[in-house]
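Please take a moment with the sequence and the model shown here, and then follow the paragraphs below through the interior of the chain.

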Amino acid sequence: MELEHSHSILQPGRNCWRIERAQRAAFLVDGAACFRAVREAVLQARHSVFIVGWDIHSRLALVRDGPDDGEPRELGELLNSVAHRHGVEVYVLSWDFAMIYAMEREPVPLFVLNWKSHARVHFCSDGKHPVGASQHQKLVVVDDALAFSGGLDLSHSRWDTPQHRLDEPLRVNPQGKPYPPFHDVQMLVDGDAAAALGQLARERWRRVSDLEPRAPQLPVDPVPWPASVSPALADVDVGIARTSPAYESQPEVCEVEQLYIDSIASAERSIYIENQYLTAHCIREALTRRLERADAPDVVIVMPEKTGGWLEQYTMDVLRSRLVKQLREVGAGGRLRIYYPQLSSTSDVSLMVHAKVMIVDDRLVRIASSNLSNRSMGLDSECDLAIEAQPPDRDTRMAIRRFRDSLLAEHLDVSEEQIASSMQRSGSLIETIETLRGGERTLQPLIAEVDDDIDQMVPESALLDPERPIDPERFVDQFVPRQQRSHSLRRGLVSVLILAALLALAAAWRWTPLGEWLEVEALIGYAGTLNQQPASALLAIVGIALAAVLMVPVTLLVVAVVLGFGSWPGFLYALAGAELGAILSYAIGRGLGRDLVRRYAGQRLNSVSKQLSKRGLLTIITLRIVPVAPFAVINLVAGASHIRFRDFALGSVLGLLPGVLAIAVFADQLLASIRSPDSGNLAWLVAVVLVILGLLLWLRKWLLARSRQSASEETES
């Protein structure tokens, strides 16, 4: 789809939802400035506060320095205070997260935000999205008159200052534990732009909650603009771009993706990007097209040296390395540079770049919730804000330029004046960076290479970073060659229908009245009843196995068996049942699908399947630890591949062991802590966490050692 003949990049209906006016707009760089501004705005609220996020932590300290003004500093207390004193209705919407993130989240958020909060503080977990998707928007809207949007969640381990000191004493999580330096950006707007974001937040709330939010009362006077923030722009149009996957009656919205493509195509002199990830196929294609032209602009991408913890480093970083390699092969006369911020040459602590920023020339600035990942283009819910300077608007161009210079000055540890002066002399973004970098704190070229063995272990991005929800027609298009489709349609259709039926069954357990059978208390009751029967152990193991084959969430089954049978018997029954269920699903997959893969899928897929079989054990362990698809689906696919049964069975046990053990011990001790919250039980919880972390670290080292040993054996042979 070609860009229409227009002077404007932002085009409602194509690459943005709406363009609305803001009387004031500001760029908030790093958590200290953003969180302080949020607190100041919320304290001025008189009608409503909406908070929409990927993660929200009630113990987040919004301000950590300066004099005590007598107002609450932690988020939860602040929301309770304004609800109580000013009658403000507070709506908090957080992603109903996957269990893989449980250790990163606030324990039992419903307890913290519902049972201990004021009646006007409403909390809801957002699970209204396709399987595998997430609610990734980061919004705070006050009185529908002021709104924050960008990359920052109101969560722990986000607060930092632009200095990013390695020894910053205030950079600690709610438990007082230090965390690495963190960089992010948020945009603040008022006026009609804020009202539009308020509408977006209300619509999202209505999707997931039966509670109708209180109607907005506009206009608000005075607008709750934070005293600590000086506007960067006045009377400016703001474009709002969204990603929203097709779900139930909601159509697919891909404005975020189209705006990236159109913005890159429009660049004349420079594209400056800050982002956590770089794995999106559409971004690679758009940058490749622009870099291949004779008039290619300078493209500068600033990223973290490593993303997140070891799990992301062995998944998303591998996908990033593949894409970076493809971009660098384009060449483009040195027009592409990818850097990471170095904070010190004597420390291996690196800056976590969590910002989602794109600046095209001095014409367009974009502050986003979207990552440059496939899932942000079509699977996760996103909200990006963009401001475009029209040709006669010198003030907006200057503001965009100053903002870009301020980001570079932060990373290069130089003044904004030095950046501006160098840009004026050279006219080149890359030359400016290369001239000024090289100090103790600076931008360093990102190598973005991973070990070949690790690369071979990690599956393609369609599993780890999908662009769209699973669709049966696309499944057939991808895995069945066109020239052979007529011969394999019947068998392929059967396999696809089975897969679709399993996914539908998983959705039914989650979102229909069938889900009442899976309430924890009900499952514990079933387990308790079984415990009173003869041969209870055998019944429990077989029951778990059959339920797992029928797409009942394994995590729920483990919790129920542990609480119904006790910690260690429950652990053994759960592990045995999950393993038996995996083997049954594997057998079904082999019976239904292996012949299809071998005879009809073509040489390329057969080659991939055979390569997987060389590291079948490591592949299965990785897929158990990294839950890229439902449990039974992984088993079926493994059965249809070349992975040997021995590798599958052993890999399943080793991959399931840490998670089942963690759930078993944690569930038992959590129940004890709730029933008897004394210091002894709390100490048990601490010990459990330490044991789990130690087990995960050991497993990581074992995987790496096994991978190197396997590669060495192949080389010798």
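Which helix and strands each supply at least two residues of the lining of the second largest cavity? In this predicted model, they are helix 1 (31–43), strand 2 (48–53) and strand 5 (139–142). The cavity itself holds about 60 Å³ of space, and it belongs to a set of three cavities of 30 Å³ or more. Its lining is made up of 14 residues, of which Val140, Leu152, Asp153, Leu154 and Gln186 are the closest to its centre; by character, the lining divides into nine nonpolar, two polar and three charged residues.

Helix 1 also carries Arg39, which counts as buried because its relative accessibility is 5%, under the 20% limit. The side chain of Arg39 makes a polar contact of 2.7 Å with the side chain of Asp69, and it also reaches the backbone oxygen of Glu71 at 3.0 Å. Beyond its neighbours within four places in sequence, Arg39 is in contact with further residues, including Leu62, Val63, Pro72 and Leu78.

Turning to the nonpolar cores, the largest has 59 residues, among which Val189, Leu197 and Phe403 touch the most other members. Helix 4 (residues 191–208) provides the largest share of this core, namely eight residues. A second, separate core of 39 residues includes Ala45, Val140, Leu154 and Tyr179, and two of these names, Val140 and Leu154, have already appeared beside the centre of the second largest cavity. As for Val189, its contacts more than four places away in sequence include Ala22, Ala145, Leu197, Trp225, Val238 and Leu385.

How values were computed:
Residues are numbered from 1 along each chain as its sequence is written. This is a predicted model: local features need pLDDT of at least 70, side-chain atom pairs count only at pLDDT 80 or more; totals for chains, interfaces and linings use all residues. Side-chain values use heavy atoms; hydrogens and water are left out. A nonpolar core is a set of buried Ala, Val, Leu, Ile, Met, Phe, Trp, Tyr and Cys residues joined through side-chain atoms within 4.5 Å. Buried means under 20% relative accessible area, exposed over 50%, partly exposed in between (1.4 Å probe, protein chains only). Helices (H or I, at least four residues) and strands (E, at least two) are DSSP runs, numbered from the N terminus. Contact means heavy atoms within 4.5 Å. On a 1 Å grid over the protein atoms alone, a cavity is a set of points where a 1.4 Å probe fits but cannot get out, and a pocket is an open set with protein on both sides within 12 Å along at least five of seven lines; lining residues have an atom within 4 Å of a point. Grid points are joined across faces, edges and corners, and a volume is the space filled by probe spheres set on the points. Ala, Val, Leu, Ile, Met, Phe, Trp, Tyr, Cys and Pro count as nonpolar, Asp, Glu, Lys and Arg as charged, and the others, Gly among them, as polar. A polar contact is a pair of N or O atoms within 3.5 Å; within protein, one must be able to donate a hydrogen and the other to accept it, and residues adjacent in sequence count only if both atoms are side-chain atoms.
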